[in-house]
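Welcome! Here are a few exercises to work through with the structure in view. Try each task before you read its solution.

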Amino acid sequence: MAGPVPELEDRARTCATRLCEADRVLLASHIDADGLTSAAIAAQALERAGIPFETVFEKQLDEDAVAAIAATDYETVLFTDFGSGQLDSIGDHEDAGEFTPVIADHHQPADRDTEFHLNPLLFGINGASELSGAGASYVLARALADVSDTDPEPSVAADRGTPTASGAANARADNRDLAALAVVGAVGDMQAAGGELHGANEGIVDEGVAAGVLETGKDLALYGKQTRPLPKLLEYATDVHIPGISNDENGALRFLDGLDLELKRDGEWRRWAGLTNEEKRTVASALVRRAVSSGVPATKIDGLVSTAYVLCEEPVGTELRDASEFSTLLNATARYERADVGLGVCLGDRDGALERARQLLREHRRNLSAGIDLVTSEGATQEEHVQWFHASDEIRETIVGIVAGMAMGNAGISRSKPIIAFAEKNDAEVKVSARGTHSLVRQGLDLSVVMGEASRTVGGDGGGHDVAAGATVPKGKEDAFVERADEIVGEQLS
Ligand code: C5P
Ligand code: C5P
Ligand code: C5P
Ligand code: ZN
């Protein structure tokens, strides 16, 4: 049977077969949206295949973390969303007979390889834009359903129950229902940059649609379509800056007031997801008219529309229904050391995880809003090609980048230069986050190169994506870092 990504099929089956031979498995994954969804996919696939397992999360899979895993008495370890880059140290433990690694990852592999290694980069597929860790885990999950001898009953169910019920049962039997989580992971890893998912990711989307767990379609490219009150949806919509609306609370309200639209129901602001199609068209065309009349160039206006990935089995108006809001909900748990809560949400709201995650999200939003106020009141220091601020210990290092991105466009923080944010990480190190705009990226900006090169100049390390990247540098090296980053950005944009 062909899997969702034919190039990976043979390797996926080899890995799945090895997992089926294990008495039990230690599942180790990365703490971000992609790592959480990877773990949730793998966990459900193992559970359905009847393989006992336990799950652990790591912020970074450094040598100590690998050693701690080796010290457990698990003989088989499944790494998801990391492992490829750490094959040096993993291989040492494997050679010592401590465990057999099975890896489903999409990061750049180290020089060493291993037998049960599933990674798109080994098969000519781009791991940054075409398949995420959750995607690799999904490919493995599909193979696991195929090679494990699970109860064949669900596939015969087609003769009984309703067509949809049997479709759902079939999707569960071959793990295609997990495609929705794979898409959340890909979106959380920014693989939909540019508006939609590509390459191997598309094959997964198609399976999710066929399985009835996903719907896709062109929609407004704004964050918060399910849960944000309409004025906040527009005010915070900054990927495409619309003068007089973006970052302008009163402006966004005035704009909505000027439309022939029922804005509140039962005293509450309505949300995009609750509008009728006609109401959506009313708002969207007024937005486009406003953008045109305020001189926003046509190429940017195109960016107002993108492909939405809707988890159509989740209730309307919840974070779980929109892949991008879902991934933010997961980050709100993982970035606060509560990966267990995020995993519970992915596994279908186990133990009240969703309510706990929403509390964490409220706290995350309060922190974001306090951070944005702080940055906006203090402004950013302007260099020739970049601007920067230092939050010291006033903004958590795990969210300073999100704050920086959301503050761009506010008073004193330009959208014509990338922004670099510093926050204290520990006594010796400073976290750096950088954010750009899609329009700067089109002009040549690549922040992953900037963060990587500038941090290595001062004895740190970094990387990420063109539009959003980060680094860790030794304390006291901030000025030297900014100086080098300014030079590199200048070269990229020249
Ligand atoms: O959480 P994450 O960092 O993946 O968020 C991606 C983008 O979504 C942010 O840069 C921000 O524009 C938006 N976001 C938001 N409100 C949140 C979380 C994220 O507007 N609470
Ligand atoms: O770990 P890494 O891939 O996950 O982080 C991606 C981050 O990039 C998101 O959490 C978000 O903060 C940021 N981002 C952004 N602006 C975008 C897209 C992503 O700031 N347009
Ligand atoms: O932490 P932040 O949200 O700023 O991270 C943005 C992107 O930069 C993420 O994709 C993250 O994985 C990457 N990053 C990195 N190396 C670091 C810090 C962040 O590659 N030291
Ligand atoms: Zn990932």
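The exercises below concern a predicted model and go from cysteines to strands to ligands.

**Exercise 1. Disulfides**

Find out how many disulfides the structure holds, and check cysteine 20 and cysteine 312.

Solution.
- Step 1: Recall the cut-off, which asks for two cysteine sulfur atoms within 2.5 Å.
- Step 2: Start from cysteine 20. The closest cysteine sulfur belongs to cysteine 15 and is 11 Å away, so the distance is too far for a bond.
- Step 3: Move on to cysteine 312. Here the closest cysteine sulfur is in cysteine 346, at 17 Å, which is again too far for a bond.
- Step 4: Give the total, which is zero disulfides.

As an extra, is cysteine 20 buried, partly exposed or exposed? Its relative accessible area is 32%, so cysteine 20 is partly exposed.

**Exercise 2. A pair of strands**

Describe how strand β9 is placed and how it is joined to strand β6.

Solution.
- Step 1: Locate β9 at residues 305-310 and β6 at residues 215-220.
- Step 2: Look at burial. Five of the six residues of β9 are buried, so this strand is largely enclosed by the rest of the structure.
- Step 3: Look at the pairing. β6 and β9 run antiparallel and are joined by six bridges.
- Step 4: Pick out one facing pair: glycine 217 is opposite alanine 308 of β9.

**Exercise 3. Around ligand 2**

Work out which side chains make polar contacts with ligand 2, and what kinds of residues form its shell.

Solution.
- Step 1: List some of the surrounding residues, including Asp32, Met190, Arg335, Arg435 and His465.
- Step 2: Take the side-chain contacts to oxygen atoms of the ligand. Arginine 335 has an N or O atom at 3.0 Å, arginine 435 has one at 2.7 Å, and a polar atom of histidine 465 lies at 2.6 Å.
- Step 3: Add the cover. Ligand 2 alone exposes 460 Å², and the protein buries 69% of that.
- Step 4: Sort the shell into four charged, three nonpolar and two polar residues.

**Exercise 4. Around ligand 3**

Which strand supplies the largest share of the shell around ligand 3?

Solution.
- Step 1: Note the strands that each give at least two shell residues: β13 (429-435), β14 (461-464) and β15 (468-474).
- Step 2: Name the largest share: β15, with five residues.
- Step 3: Check contacts with oxygen atoms of ligand 3. Backbone N or O atoms of glycine 463 and glycine 470 each lie at 3.1 Å, while the side chain of histidine 465 comes to 3.0 Å.
- Step 4: Finish with the cover: of the 450 Å² that ligand 3 exposes alone, the protein buries 67%.

How values were computed
Residues numbered from 1 in each chain as written. Chains lettered and ligands numbered in written order. Predicted model: local features only at pLDDT ≥ 70, side-chain atom pairs only at ≥ 80, totals over all residues. Heavy atoms only, no water. Buried < 20%, exposed > 50% of the residue type's maximum accessible area, 1.4 Å probe, protein only. Helix = DSSP H or I, 4+ residues; strand = E, 2+ residues; numbered from the N terminus. Pairing = 2+ DSSP bridges. Near = heavy atom within 4 Å. Polar contact = N/O pair within 3.5 Å; in protein donor to acceptor, adjacent residues only side chain to side chain. Areas by Shrake-Rupley, 256 points an atom, 1.4 Å probe, with all protein chains shown as cover. Nonpolar A, V, L, I, M, F, W, Y, C, P; charged D, E, K, R; others polar.
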